[in-house]
Amino acid sequence: MNSKQKKYNRLIHQLEPLLKNSPSLNAQLATINALLYHKVPYIFWVGFYFIKNDELIVGPYQGPLACQVLTKPKGVCWASVLKSEPIIVADVEDFPDHIACDSRSKSEIVIPVKDTSGKVVGVLDIDSDKTEQFDRDDLAGLSGILNLINKKFL
Ligand code: SME
C-alpha cells in the first residue's frame, strides 16, 4: 500500500464514526471538507456543488472564495455531472472549458455525488495549486469517503 492509500485509509477510519452520528447533510459535508483540507497537503480548495434549477450551486467548502453558481454545461463540474463520471484534470489549462474560480488552481478532481437511486445530485470538487496532483488513489480514497455520507439526507 502506498502513502496516499494509507493516508486515505486513515481519513476514512477517522470519518466513519463522525459521519455515522452526524445530524445533517451540511454537518457531514463540512466535516469531510475540514478533514481533507487540513490533512491533505496538496489540496488548495475542497467543496461540494449541488444541482438546483439546472445550475450547480456551491455548498460547504474550505479554501479561497469560490464561484457560487456554475452555469450548465461549462466547466469540469458540469462535465462530470453530465457524464455521471469522475474527471481528473492534470492541468486545467488543457481543459478548454475549465472555470477558473481562482487562478491559482492548477489541477482538479471532480467526483459525482449520487442519491440512493443512483441519480447525480451534485459533485465533490477538489483543486490543487500544483499540476498533476490527483490520480487513481485519490479517486479511490475520495470515493470511499463519499460512500460514508448518510444518503438519507440527500
Ligand atoms: N473548476 C470548476 C469550477 C469550480 S472551482 O474549481 C471551485 C469547473 O471548471 O467546473
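How many bridges join strand β1 (residues 45–52) to β6? Let's find out with the model open.

Before you click, note that this is a predicted model, in which local features need pLDDT of at least 70, side-chain atom pairs count only at pLDDT 80 or more, and totals for chains, interfaces and linings use all residues. Residues are numbered from 1 along each chain as its sequence is written, and side-chain values use heavy atoms, with hydrogens and water left out.

**Stop 1: strand β6**

Select residues 120–128, strand β6; strands here are DSSP runs (E, at least two residues), numbered from the N terminus. Nine of its nine residues are buried, that is, under 20% relative accessible area with a 1.4 Å probe and protein chains only.

**Stop 2: its partners**

Now add β1: six bridges join it to β6, and the two run antiparallel. Strands count as paired if DSSP finds at least two bridges between them. Pick out W45, which stands opposite D127 in β6.

Next, show β5 (residues 107–114), also antiparallel to β6 and joined to it by eight bridges. Here K114 faces V120 across the pair. Follow the chain round the hairpin that β5 and β6 form, with five residues between them; G118 in that turn has a positive phi of about 90°.

**Stop 3: V69**

Finally, jump to V69 in strand β3 (residues 69–71). V69 is partly exposed at 38% relative accessible area, a class lying between the 20% and 50% cut-offs. Leaving aside neighbours within four places in sequence, V69 is in contact (heavy atoms within 4.5 Å) with E55, L56 and I57. Draw a C-alpha to C-alpha distance to V58 as well: 6.4 Å in space, eleven residues apart in sequence.

Notes. Helix = DSSP H or I, 4+ residues; strand = E, 2+ residues; numbered from the N terminus.
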